[in-house]
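Please consider the structure shown below. The paragraphs that follow turn to its aromatic pairs and then to its largest pocket.

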Amino acid sequence: MHRGTRRTSAVAAATALVVVIAGAWFGYQRLVQPACSGQVQLTVAAAPEIAPAVQAAAQWSADGGAIDGVCVAVNVTDSDPVDVAAVVAARHGAVLAGVGQASGTAVAPDVWLPDSSTWLLRLKSGGATAFAPTNGASVARSPVVVAMPEPVATRAGWPDKKLTWADLLRDVTTGTKLRTGIVEPTRDAAGLVGLLSLAGAASASGGDAQQATTGALRALATGRSALRQDLLAKFPRADDAASIAGSLGAAPLSEEDVIAYNAKQPPIPLAALYLEPASLALDYPYAVLPGIEPAKAAAADGLFAVLNTAQFRNRLADEGLRAPDGTWGEGFQAPQGAPSPGSGGSPAAQPSGGRAAGSPDSAALEKVVSSWSIATQSGRMLAVIDVSGSMKELVPTAGNATREQVTVAAARRGLALFDDSWALGLWVFSTEMVGSRDHRELVPIGPLSSQRSRLEAALGTVAPKPNGDTGLYDTVLAAYRTVQENWEPGRVNSIVLFTDGKNEDANGVTQEKLLSELKRINDPERPIQLVIIGIGGGISRPELESITKLTGGGVFITEDPTGIGDIFLKAIALRPNAPR
């Protein structure tokens, strides 16, 4: 069917859509007209804050019609986006840092209305290559703001002074008395957008961007909350100075969060600060999940048409949400200081029903999620770096630095992200590094609090061994045994190995012997994650995956060595998950 014809049919069908909200089957029976027969059930999972508007809009359209003569029942449920993301990730084999496993009773809907397109991007970059929802257009909007108790915001110059993300970054990283918090950004879109904006401010600061980013991550981590309601409870509950000083002073939230919080008339209202440059907004994409039958797809088009009416725009206003273009319906109470729709300080607007402007960059999202995961977790890790002769190969895309130099630079950047709660060790390997042994220990595994400088110095000595081959199998086995000997409960014990080649040690253990021995000594009560990062085109993925399938962990390969930094971040961030 032609796209325009289908849309016309969908709009016509929307005027006759029969809707059933969960638990109201008798209403469905009453509303259906004799003209329709059969039944198409469309399940919609909507973010909690928009679900009431979607339910009400669907109820409004329930005037007894049908889609192509078939009765339609739409079941709208409010579903936290992270829960649906876990279900979709499990179905498509994706791995999302911080999301966790899907509930055994959770079911993927026909239509998903999360609060942000960042969920769709994270699923794609997390390995859901076959995940291709249709439509994806925005049906609502809520800017991401920095929420502050009004007395705190007033001291910062609100509402007269225009503040920036760079201002907030400075306050977060320079030891001021501003107590900051965030909802776990791997599980909350507004928290992720706020983190992305701070990382952008760090990159534009002109100084040491990684140091500034790491400082912001750790400052926010001290005040993080797993749930939004837990974070909101940290704002002052009394209007005395001591309560204000001892409570949460700033957190990235949505405009809707602030409106809903203030509607409860707390003793200290929250101010919404619209920092510059304008951050991404929550855009509420209408994602029709792949694989649904044509009749359901037609019903989904009909419901989408209902969500692009003036009536729905007004229902959004009742829930503290804007229309997709940034304007709002009747009764919307914009927070003080909110820029007018379409002004330079407001999020970029787009036509009603259009795709969100200023779409997030998937690489930037992945990097900030990985950095957050590393900065907020604690572990025990042995880093093992290949120093075979091939690591001398020049990398034109890195200014003709060697593979070794690019690898060491990535390791240095990663080291800066680990806080002092980590324990790290460092080996190098080739062939015959110490007599017939293929590896050399530079620094034993120990607390970073006492040996960070030693590790940094050791990295400075890493250099390729002329004519050295790749003693991969012996080194993997020795590293596994070493980490296993002093395994620590309560942490993820792991090995991260960098290599640019296949096993070349004819005098070492065979692949068959390696796998047999790993299977023998593997202890489910003391799991060890082995992450192998392959560099260049000489890597055999099947060879490496045969190892990690036994140990747990995963294989990450980049043919361009300049990508090793981002690969390293992703690998470490995902290391607690099952093998990929």
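How many aromatic pairs does a search of the whole structure find? In this predicted model, the search finds four. A pair of aromatic rings is described by the distance of the centres and the angle of the planes.

One of these pairs is formed by Phe235 and Tyr261, whose ring centres lie 6.0 Å apart. Their planes stand at 65 degrees, and because an angle over 60 degrees counts as edge-to-face, the pair is assigned to that class. Distant parts of the chain are linked by this contact: Phe235 belongs to the loop between H10 and helix H11 (241–245), whereas Tyr261 sits in helix H12, 26 residues apart from Phe235. Phe235 and Tyr261 are both buried.

A further pair joins Phe418 and Trp422, with ring centres 4.3 Å apart. Here the planes meet at 40 degrees, so the arrangement is tilted. Phe418 has a relative accessibility of 1% and therefore counts as buried. Trp422, with a relative accessible area of 0%, is buried too.

Helix H12, which carries Tyr261, also takes part in the largest pocket. This pocket holds about 500 Å³ of space. Its lining comprises 23 residues, and the closest to the pocket centre are Leu227, Arg228, Gln229, Leu232 and Asp257. Two or more lining residues come from each of helix H4 (81–92), helix H10 (228–232) and helix H12 (255–263). H12 provides the largest share, four residues. By class, the lining of the largest pocket has 11 nonpolar residues, 11 charged residues and one polar residue.

Definitions and conventions. Residues are numbered from 1 along each chain as its sequence is written. This is a predicted model: local features need pLDDT of at least 70, side-chain atom pairs count only at pLDDT 80 or more; totals for chains, interfaces and linings use all residues. Side-chain values use heavy atoms; hydrogens and water are left out. On a 1 Å grid over the protein atoms alone, a cavity is a set of points where a 1.4 Å probe fits but cannot get out, and a pocket is an open set with protein on both sides within 12 Å along at least five of seven lines; lining residues have an atom within 4 Å of a point. Grid points are joined across faces, edges and corners, and a volume is the space filled by probe spheres set on the points. Ala, Val, Leu, Ile, Met, Phe, Trp, Tyr, Cys and Pro count as nonpolar, Asp, Glu, Lys and Arg as charged, and the others, Gly among them, as polar. Rings of Phe, Tyr and Trp (its six-membered ring) pair if their centres lie within 6.5 Å; planes under 30 degrees apart count as stacked, over 60 as edge-to-face and the rest as tilted. Buried means under 20% relative accessible area, exposed over 50%, partly exposed in between (1.4 Å probe, protein chains only).
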